[in-house]
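Colleague: Before I rely on a model like this one, I would like to learn how its features should be read, one after another. Could we begin with a pair of helices and work outwards from there?

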Amino acid sequence: MASSTEVIVSEDVAAPSTGAPAAARGSRRGRSRLKLASRYVVVLVMMGLAGFPVYWMLNTALATNAELYAGTQSWWPHFEDLGSLFHQLGRVPLWRWLGNSAFIAMGTTVLSLVLGSLAGYALSRFRFRGKGPIGFLLFITQVLPEALILVPLYALFISLGLLNNLWGLVLADAGFSLPVATFILKTAMDRIPHEIEESAQLDGCPRISALTMIILPIIAPSIAAAAVLSFFAGWNEYLYANTFLSDQGHWPASVGLASFIGQNETPMSAIMGSALVFTIPAIVFFLLVQRKIVAGLTVGAVKG
Amino acid sequence: MSHALATGAASTRRRRIARFSAPYLFVAVPLVYMTVVVFYPAAREVWLSFTNTKLSRPNGGHFVGTDNYARIFGSDLLWTSLLTTVLYVLGVVAGCLVLGTLAALAVDRPFRGRALVRGVLAFGWAVPGVATALAWSWIFNSQTGVLNRITGALGLGTHDWLSNQELALPSVIAATVWQYTPFVMLVVLAALQSVPPEVREASHVDGADALSRFRAVTLPHILPAIRLVALLLVVWSMRLFEIIYLLTGGGPLNRTSTLVVSLELQAFENYDLGGAATYGVVGLVISLAVTVVYFVVERRSTHGV
């Protein structure tokens, strides 16, 4: 409770009501305190709603099976049971699943970044016929459901021998992360003055090396954002993986975890523990680069 | 002399060709790749909706004209599915816009611990869809779920959240809103932070109350961002699959079967790829129509009428 008053006070200081008539100041301050208190309540309620499902995953992972089946799960996590959670996780092939997820995710990242910087460079640096339609086509991928593409891609992968193949999944997944990566990188390149490459070109430096030697190092933070986005597009992807990888040895964690739904053999604590291990890297990295990803998605829509 | 001129002209021409072709060289590989894995399959799916292709022979269907459309439009499932999609999209868009804007306004001004608060509020967006579905299916569990413990303690009774015909769709909407609200918050927050401080201060001095100040000053500034995020929410929730599919499988009695879920069920439970594609095309046409309307409205408002 002490911290709550501190927050309110510091907000009050941040927005002083200078210039208000002395008579009005008293009621004004009372009103603004009320306003700040209500804002504080809103923040607390929303934090509760936003954080609860993740908290409950943690809490369930650390609960005993007896209380889970009896419906008497404690409201607080038993942190002392962390050791038995790792024992539980040994009952599912979680680490192999995560290895497959990581392979797919890294492949998706490399493919999206390489092709995304080429396309982003063209869209940022040149005026050419077909530029508008290309930007529009890339934006349209936001409208296309994966489910719509699933069957024709499946048929295509049969003929190319790409079923049950993690490389095939990389090819499929990057189709949806490449456009967003392109927009993130294009937005970053737009902010770099053209003179930088022009001077390099006078020195006889070809355009492709202007891109790789000069532009890309400058936009490293945006590359990181595009990398995170692409990585977790591959890491999270479920529908393609569930359809294209029938061999359980190739399953990524998304498919493995989904297979727990509706079966009763695996203890819920092991399921939620696995889901949490699968989720935590995504939360950490997304929070680091969220702003640049938001910028990429919105620019794609505005200027596509 | 003339020799030197000729090579000069040739090299200018070569340079001009190089300059003309350079952008195409850069976009060629990305574009070919996107065509193979996205645009060609999408076009092929549209074609499938005019054939009688079955799952057993995905490459061997015959052209049947608009038979699939006649059949699908004559079935109740399409109309249930359309209604479900509309309710789902409206629920998700309304819920996300209200909660996301509220969250953005709440964390707009600096206060101690804001970074932590903003991080927690953004959780849903970062959590993978499959993990979201697992977490919510456990929360909604009718026997041992925490939601029934809470509603039971509050005297609201216990419910089969995911298998009750009235509650399944709102439950699925709630899980989706949880996942997409953070994105709205982040976009609106970015827009709020770009409102010039003078504008806000001027309105403070006027002494207008918070709500009318929000409507008169802040809202016009963030409205373009809200319109854009509304468009993205519509097209994303039209295509969202795994949360619905994993929570309810489209049930009970198709009450949560949006067009995308119906597509999947038609293809992999009825083995009817032609009919499945028809659901996909219907959804795609709606999404494209919404997108076109958005761009027309946006162009008109930026260029003046």
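Modeller: Let us start in chain A, keeping in mind that this is a predicted model. Helix α5 (residues 94–125) of chain A and helix α11 (residues 220–236) of chain A have axes that come within 7 Å and cross at roughly 140 degrees.

Colleague: How should I read an angle of roughly 140 degrees between α5 and α11 of chain A?

Modeller: The angle is taken between N-to-C directions, and only angles over 145 degrees count as roughly antiparallel. α5(A) and α11(A) are therefore oblique to each other, and α5(A) passes α11(A) in a right-handed crossing.

Colleague: Which residues of α5(A) and α11(A) meet there?

Modeller: On the side of α5(A) they include A:Ser101, A:Ile104, A:Ala105, A:Gly107 and A:Thr108, while on the side of α11(A) one finds, among them, A:Ala226, A:Ala227, A:Ser230, A:Phe231 and A:Trp235. Sorted by class, the residues of this contact between α5(A) and α11(A) are 10 nonpolar, eight polar and no charged.

Colleague: Where could I practise the same reading in chain B?

Modeller: Take helix α3 (residues 76–106) of chain B and helix α10 (residues 210–239) of chain B, whose axes come within 9 Å and cross at roughly 140 degrees; the crossing of α3(B) and α10(B) is right-handed. From α3(B) the contact draws on residues including B:Tyr88, B:Val92 and B:Cys96, and from α10(B) on residues including B:Ile226, B:Leu233 and B:Met238. By class, the contact of α3(B) with α10(B) has 11 nonpolar, three polar and no charged residues.

Colleague: What does the backbone tell me, once the helices have been read?

Modeller: The general expectation is that most residues other than glycine have a negative phi, and that most peptide bonds are trans. Against that background, look at the loop between α11 (242–248) and α12 (259–268) of chain B, where B:Pro252 has its place. The peptide bond from B:Gly251 to B:Pro252 is cis, with omega near -10 degrees. In the loop between α11 and α12 of chain B there is also B:Leu253, with a positive phi near 50 degrees.

Colleague: Is B:Leu253 buried or exposed?

Modeller: B:Leu253 has 11 other C-beta atoms within 10 Å and is exposed, since 12 or fewer is the cut-off for that class. A further positive phi, near 55 degrees, belongs to B:Tyr271, which sits in the loop between α12 and α13 (273–303) of chain B. B:Tyr271 counts as partly exposed, with 15 C-beta neighbours inside 10 Å.

Colleague: What can be said about the shape of chain B as a whole?

Modeller: Chain B has 13 helices and zero strands. Its C-alpha trace spans about 100 × 70 × 40 Å along the principal axes, and the radius of gyration of chain B is 26 Å, whereas a compact globule of 305 residues would have one near 19 Å. Of the 305 residues of chain B, 44% count as buried.

Colleague: How many residues of chain B are in contact with chain A?

Modeller: There are 77 residues of chain B in contact with 77 residues of chain A. Helix α1 (residues 2–48) of chain B gives the most to the side of chain B that touches chain A, namely 18 residues. That side of chain B divides into 58 nonpolar, 12 polar and seven charged residues.

Conventions. Residues numbered from 1 in each chain as written. Chains lettered and ligands numbered in written order. Predicted model: local features only at pLDDT ≥ 70, side-chain atom pairs only at ≥ 80, totals over all residues. Contact = placed C-beta atoms within 7 Å. Helix = DSSP H or I, 4+ residues; strand = E, 2+ residues; numbered from the N terminus. Nonpolar A, V, L, I, M, F, W, Y, C, P; charged D, E, K, R; others polar. Rg over C-alpha atoms; globule rule 2.2 N^0.38 Å. Buried ≥ 20, exposed ≤ 12 C-beta atoms within 10 Å, placed from the backbone. Axes fitted to C-alpha atoms, helices over the stretch in contact; angles between N-to-C directions. Parallel < 35°, antiparallel > 145°, perpendicular 65-115°, else oblique. Left-handed = near helix turned anticlockwise from the far one by under 90°.
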